[in-house]
Amino acid sequence: MALRGVRCMLMRGGTSKGAYFLADDLPADEAERNALLLALMGSPDPRQVDGLGGAHPLTSKVAIVSRSTEPGIDVDFLFAQVGVDRPMVDTTPNCGNILAGVAPFAIERGLVRALESKTNVRVRTVNTGTVADLLIETPAGRVNYDGSARIDGAPGTSAPITVTFLDTEGSVCGSLLPTGHAVDVIDGVPCTLIDNGMPVIVMKAADMGRTGHESREQLDKDDELKARIESIRLKAGPIMTLGDVSKKAVPKICLVAEPRAGGSMATRSFIPHECHASIGVFAAVTVATAAALPGSPASTVTRMPEGRERAVVVEHPTGEFTVNLTVGGTPERPVIERAGLLRTARMLFDGTAYAPERRLAAAE
């Protein structure tokens, strides 16, 4: 069997895992590139046994990285969500977890020169134009992966990566609230349709007849709930300026409830058809933003801190995720000026990934 080899680095970014590539190592033609990515990841197949994918949306992700030509930007990052059991490569959304691995990858590949102690890498997400600063530890000019930073949803501890988002509002939908309202009613359920880095439909779990504290496994088996969620998602897509979302990974869904573990709110996130083991980076930022909007469903169940600088603790099935918001504006019309958070990442493998040439030929 003839195989095509592509240089690849496998990395854990936050609570996700993905294959990282230099843009120059992949075909410039989008259709050829997507066919190659599907073959490399082993899709479509529920187990992805013939590729790099991990049989779950959180482990079937791709980062495509290049040196940026934009002034003030170090690297460009194109995120791709690769379908597990569907032949889908979706470059519509952001992914803050895979973003966390872009800075170390860029240094390892020589796109950015590491400084002696810490290095800030400014990254533009090509999907949406979102810009973020990633501050990583680089003692003696080398990426450090070992440290005491811990994030729920990833085992052990690692070196910290501080992520500061500079302009996430309306990243995909064009505005924070694409309908102009903090509350829209779809299928009789009050929702906030919002995009502060990730298009998300935020609903109170109680309005869906659930507590919002069910286990991930329980919710994944809840076919009645998932059918209702998908009905709402399909209707929300067009009014969020996303069009037909039946084959898209966005918008995500988040059910919110009152916290039980000392946090600000409890969440159960769907991505969009499976319940997340934790919650995505941009989804957490977006849901925390929704909770800051007076009258929104999330605001009624959230213990929102006061003041300009707010640490919003988002509970999820495997722990919590703290989002640091800088809030301006007025109490009636708050403005989220900045969002920051802590992530970690680790290089897992660096080498050559192979795809069957016959699959690529069949796609041409």
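1. Tyrosine 354 and the surface. Tyrosine 354 belongs to strand S17, which covers residues 345–356. Together with Met1 and Leu3, Tyr354 makes a nonpolar patch of about 380 Å² on the surface. The reader should bear in mind throughout that this is a predicted model.

2. A salt bridge that also involves strand S17. Aspartate 350 pairs with arginine 109 in a salt bridge, and their closest N and O atoms are 2.9 Å apart. Aspartate 350 sits in strand S17, while arginine 109 sits in the loop between helix H3 (102–108) and S6; the two are 241 residues apart, and the pair links distant parts of the chain. Their surroundings may be described separately: aspartate 350 is partly exposed, with a relative accessible area of 39%, whereas arginine 109 is buried, at 12%.

3. Salt bridges as a group. Side chains of opposite charge can pair when their charged atoms come close. The count for this structure comes to 11 salt bridges. One of them joins glutamate 70 to arginine 124, with 4.0 Å between the closest N and O atoms. Glutamate 70 is in the loop between strand S3 (61–67) and strand S4 (75–82), and arginine 124 is in strand S6 (residues 118–125), so this pair ties together parts that lie 54 residues apart in sequence. Glutamate 70 has a relative accessible area of 37% and is partly exposed; arginine 124 is also partly exposed, with a relative accessible area of 23%.

4. Aspartate 133 and its partners. Is aspartate 133 buried or exposed? Aspartate 133 counts as buried because its relative accessibility is 13%, which is under the 20% limit for a buried residue. The residue lies in strand S7, residues 130–137. Its side chain meets that of arginine 122 in a salt bridge with an N to O distance of 2.7 Å. This pair links distant parts of the chain, with aspartate 133 in strand S7 and arginine 122 in strand S6, 11 residues apart. Arginine 122 counts as partly exposed, at 29% relative accessibility. Salt bridges are also found in a network: Glu70, Asp76 and Arg124 are joined into one by bridges that share partners.

5. Further contacts of aspartate 133. The side chain of aspartate 133 also makes a polar contact with the side chain of asparagine 120, at 3.4 Å. When residues up to four places away in sequence are not counted, aspartate 133 touches Asn120, Val121, Arg122, Thr162, Val163, Thr164 and Leu166.

6. Phenylalanine 21. Phenylalanine 21 is placed in strand S2, residues 16–22. With a relative accessibility of 0%, phenylalanine 21 counts as buried. Which residues are in contact with phenylalanine 21, leaving aside its neighbours within four places in sequence? They are Val6, Arg7, Cys8, Leu26, Leu37, Leu40, Val62, Ala63, Ile64, Val65 and Phe105. Phenylalanine 21 and valine 102 are separated by 81 residues in sequence, and their C-alpha atoms are 10 Å apart in space.

7. Cysteines. How many disulfides does the structure hold? The number is 0. Cysteine 8 is in no disulfide, and the nearest cysteine sulfur, which belongs to cysteine 95, is 16 Å away. Cysteine 95 is likewise in no disulfide; for cysteine 95, the nearest cysteine sulfur is that of cysteine 254, 16 Å away. A disulfide requires two cysteine sulfur atoms within 2.5 Å, and therefore a separation of 16 Å does not qualify. Cysteine 8 is buried, with a relative accessible area of 0%, and cysteine 95 is buried, with a relative accessible area of 6%.

8. Cis peptide bonds. The peptide bond from serine 43 to proline 44 is cis, and its omega is near 0°. Proline 44 is found in the loop between helix H1 (30–41) and S3. Valine 250 and proline 251 are likewise joined by a cis peptide bond, with omega about 0°. Proline 251 has its place in the loop between helix H5 (223–239) and strand S12 (252–257).

9. Positive phi angles. Alanine 140 is not a glycine, although its phi is positive, at about 60°. Alanine 140 is located in the loop between S7 and strand S8 (161–165), and it is exposed, with a relative accessible area of 61%. Threonine 241, also a residue other than glycine, has a positive phi near 70°. Threonine 241 is located in the loop between H5 and S12.

Definitions and conventions:
Residues numbered from 1 in each chain as written. Predicted model: local features only at pLDDT ≥ 70, side-chain atom pairs only at ≥ 80, totals over all residues. Heavy atoms only, no water. Helix = DSSP H or I, 4+ residues; strand = E, 2+ residues; numbered from the N terminus. Buried < 20%, exposed > 50% of the residue type's maximum accessible area, 1.4 Å probe, protein only. Polar contact = N/O pair within 3.5 Å; in protein donor to acceptor, adjacent residues only side chain to side chain. Contact = heavy atoms within 4.5 Å. Patch = residues over 30% accessible without salt bridge, like charges linked within 9 Å, V, L, I, M, F, W, Y side chains within 5 Å. Areas by Shrake-Rupley, 256 points an atom, 1.4 Å probe, with all protein chains shown as cover.
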